[in-house]
Amino acid sequence: MGYRQKEVITMEALDLARWQFAVTTIYHFLFVPLSVGLAYLIAYMQTMYVVKNDENYKRMAQFWGKLFLLNFAVGVVTGIMQEFQFGMNWADYSRFVGAVFGGPLAVEALVSFFLESTFLGIWIFGWDKLPKKVHLASIWLVAIAATLSALWILSANSFMQEPVGYAIQNGRAEMTDFFALLGNKQLWVEFPHVIYAAFLTGALFVTGISAY
């Protein structure tokens, strides 16, 4: 009786870390661009409601708003998981470039995401409580804040692709020019690409569900 030698596949910690981060990022980058695109479409629908005083547009904004909230929630959860993975899976990387890479991420969390979450709360609970134009302004501010969030996140990503505005000191990368991050040529290739993709994703999402 013969025995076949079984091939044993082993995975290193690095492979597992890459897989975990890849899966998290794929989900994050599916729901977040969809949220950005939907925000502008909902803002447009509500604008038409305010301008034309047509209740159909109000119902449209409220319907798509529910799906937007689900996408927003998933985007937040996957984003938090990414932040933890930077510290756990890629601790050496975070220690080496954290003084530069962490700057745009901190601005995104403390400014853009804070504004987006605040005005989203106002929009959710402000129906029939706030003046129409004030309530409309809240959803436009959500859309704009989401776009600014994308800008800061992509500035961090652009630094990973094309490092600028830093110097190696004491064995670590330290920021020397914050505005160099915003002027990074890589950023101004990535940002329009991602934003237009977000618009397209939101439009296809609305079109697909409407067709269904």
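These legends describe close-up views of a predicted model.

**View 1. The lysine 58 and aspartate 128 salt bridge joins distant parts of the chain.** The structure holds three salt bridges. In this one, the closest N and O atoms of lysine 58 and aspartate 128 are 3.1 Å apart. Lysine 58 belongs to helix α2, and aspartate 128 sits in the loop between α3 and α4, 70 residues apart. Lysine 58 has a relative accessible area of 11% and is buried. Aspartate 128, in contrast, is exposed, with a value of 67%. Lysine 58 counts as buried because its relative accessible area is under 20%, and aspartate 128 counts as exposed because its own is over 50%.

**View 2. Aspartate 92 and arginine 95 form a salt bridge within helix α3.** The closest N and O atoms of this pair are 2.4 Å apart. The two residues are three residues apart in the helix, about one turn. Aspartate 92 and arginine 95 are both exposed.

**View 3. Glutamate 174 forms a salt bridge with arginine 172.** Here the closest N and O atoms are 4.0 Å apart. Glutamate 174 is partly exposed, at a relative accessible area of 23%. Arginine 172 is also partly exposed, at 33% relative accessibility.

**View 4. Glycine 171 lies in the loop between strands β1 and β2.** Strand β1 covers residues 166–169 and β2 covers 172–175. Glycine 171 is exposed, at 55% relative accessibility. This residue is placed in the exposed class because its value is over 50%. The C-alpha atoms of glycine 171 and phenylalanine 125 are separated by 50 Å. Along the chain, these two residues are 46 residues apart.

**View 5. Phenylalanine 63 and tryptophan 64 form an edge-to-face aromatic pair.** The model has 15 aromatic pairs. In this pair the ring centres are 4.9 Å apart, with 80 degrees between the planes. The pair counts as edge-to-face because the angle is over 60 degrees. Phenylalanine 63 is partly exposed, with a relative accessible area of 43%. Tryptophan 64 is buried, at 5% relative accessibility.

**View 6. Four aromatic residues form a cluster.** Its members are Phe21, Phe86, Tyr93 and Phe101. They are linked by ring pairs.

**View 7. A nonpolar patch lies on the surface.** The patch is made by Met11, Leu16, Trp19, Val23 and Tyr27 and has an area of about 550 Å². One of these residues, leucine 16, is found in helix α1, which spans residues 13–52. Leucine 16 is partly exposed, at 48% relative accessibility. Leucine 16 can count toward a patch in terms of exposure because its value is over 30%.

**View 8. The largest pocket has a volume of about 1,000 Å³.** The pocket is lined by 37 residues, and the closest to its centre are His28, Val32, Gly79, Gln82 and Ile153. The elements that give two or more residues to the lining are α1, α2 (55–88), α3 (91–125), α4 (132–161) and α6 (187–211). Helix α2 provides the largest share of the lining, nine residues.

Terms used. Residues are numbered from 1 along each chain as its sequence is written. This is a predicted model: local features need pLDDT of at least 70, side-chain atom pairs count only at pLDDT 80 or more; totals for chains, interfaces and linings use all residues. Side-chain values use heavy atoms; hydrogens and water are left out. Rings of Phe, Tyr and Trp (its six-membered ring) pair if their centres lie within 6.5 Å; planes under 30 degrees apart count as stacked, over 60 as edge-to-face and the rest as tilted. Buried means under 20% relative accessible area, exposed over 50%, partly exposed in between (1.4 Å probe, protein chains only). Patches are made of residues with over 30% relative accessible area and no salt bridge: like charges are joined within 9 Å, nonpolar side chains (Val, Leu, Ile, Met, Phe, Trp, Tyr) within 5 Å. Accessible areas come from the Shrake-Rupley method with a 1.4 Å probe; for residues, only the protein chains shown count as cover. A salt bridge is a side-chain nitrogen of Lys or Arg within 4 Å of a carboxyl oxygen of Asp or Glu. Helices (H or I, at least four residues) and strands (E, at least two) are DSSP runs, numbered from the N terminus. On a 1 Å grid over the protein atoms alone, a cavity is a set of points where a 1.4 Å probe fits but cannot get out, and a pocket is an open set with protein on both sides within 12 Å along at least five of seven lines; lining residues have an atom within 4 Å of a point. Grid points are joined across faces, edges and corners, and a volume is the space filled by probe spheres set on the points.
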